[in-house]
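I sat down with this model to look up a handful of residues, the sheet and the main pocket. My notes follow, in the order I checked things.

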Amino acid sequence: MTHIDYSPRGVCSTRMQIDIEDGVIRSIQIDNGCHGNLQGIMALVTGMRVEDVIAKLEGIRCRSKSTSCPDQLAQALKQYHS
């Protein structure tokens, strides 16, 4: 089991904790940010393969920002995946 403790940049969320086993996200916790949206993201990506989550979420923007919580999750996973 690999544990990622990631500090997102440029978004409202402040911490992402992700547990990965055999390339699959087993659990995820995201602190702060838009509670309902983050609950949805966490429910959707749990059980997904890391590379699939990166492919779906990387590059998503939040309003005028150059990033978003989903994009920051993809960035955290890219660190693990590289």
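Before anything else, a term: helices (H or I, at least four residues) and strands (E, at least two) are DSSP runs, numbered from the N terminus. Next, the ground rules: this is a predicted model, local features need pLDDT of at least 70, side-chain atom pairs count only at pLDDT 80 or more, and totals for chains, interfaces and linings use all residues. Residues are numbered from 1 along each chain as its sequence is written, and side-chain values use heavy atoms, with hydrogens and water left out.

**Entry 1: Gln-72**

I looked up Gln-72 and found it in helix H3, which covers residues 69-81. Is Gln-72 buried or exposed? For this I use the cut-offs: buried means under 20% relative accessible area, exposed over 50%, and partly exposed in between (1.4 Å probe, protein chains only). Gln-72 has a relative accessible area of 6%, so I put it down as buried.

Then I went after its polar contacts. I count a pair of N or O atoms within 3.5 Å; within protein, one must be able to donate a hydrogen and the other to accept it, and residues adjacent in sequence count only if both atoms are side-chain atoms. The Gln-72 side chain makes one such contact with the side chain of Tyr-6, at 3.1 Å. The Gln-72 side chain also reaches the backbone nitrogen of Arg-9, at 2.9 Å.

For plain contacts I take heavy atoms within 4.5 Å. Leaving aside neighbours within four places in sequence, Gln-72 is in contact with Tyr-6, Pro-8, Arg-9, Val-11, Met-16 and Thr-67.

I also checked Ser-7, which lies in the loop between E1 and E2. Ser-7 has a relative accessible area of 47%, so I call it partly exposed. Ser-7 and Gln-72 are 65 residues apart in sequence, yet their C-alpha atoms are 8.9 Å apart in space.

**Entry 2: the sheet**

How are the strands ordered in the sheet? I read three strands in an open sheet, in the order E1-E2-E3, with antiparallel pairing. Two strands pair if DSSP finds at least two bridges between them. Strand E1 (2-6) and strand E3 (24-31) are the edge strands, each pairing on one side only.

Strand E2 (residues 15-21) pairs with E3 in the antiparallel sense over seven bridges. I noted two positions along that pairing: Gln-17 has Gln-29 in E3 as its bridge partner, and Glu-21 stands opposite Val-24 in E3. E2 and E3 form a hairpin with two residues between them, and Asp-22 in the turn has a positive phi of about 55°.

**Entry 3: Ile-30 and Ser-13**

Ile-30 lies in strand E3. With a relative accessible area of 6%, Ile-30 is buried. Beyond its neighbours within four places in sequence, Ile-30 is in contact with Ser-13, Arg-15, Met-16, Leu-38 and Met-42. I also took one long span: the C-alpha atoms of Ile-30 and Ser-66 are 36 residues apart along the chain and separated by 19 Å.

Ser-13 came up in that contact list, so I followed it up. Ser-13 is found in the loop between E1 and E2, and its relative accessible area of 2% makes it buried. Again leaving aside neighbours within four places in sequence, Ser-13 is in contact with Pro-8, Ile-30, Asp-31, Asn-32, Gly-33, Leu-38 and Cys-69.

**Entry 4: positive phi in loops**

Asn-32 is found in the loop between E3 and H1. Asn-32 has a positive phi of about 70° although it is not a glycine.

Arg-63 is in the loop between helix H2 (50-57) and H3. Arg-63 is not a glycine, but it has a positive phi of about 50°. Arg-63 counts as exposed, at 80% relative accessibility.

**Entry 5: the largest pocket**

Which residues are closest to the centre of the largest pocket? First, the term: on a 1 Å grid over the protein atoms alone, a cavity is a set of points where a 1.4 Å probe fits but cannot get out, and a pocket is an open set with protein on both sides within 12 Å along at least five of seven lines; lining residues have an atom within 4 Å of a point. Grid points are joined across faces, edges and corners, and a volume is the space filled by probe spheres set on the points.

The largest pocket has a volume of about 250 Å³. Of the 13 residues that line it, the closest to its centre are Cys-34, Asn-37, Cys-62, Ser-68 and Cys-69. Helix H1 (35-45) and H3 each supply at least two residues of the lining. H1 gives the largest share, three residues.
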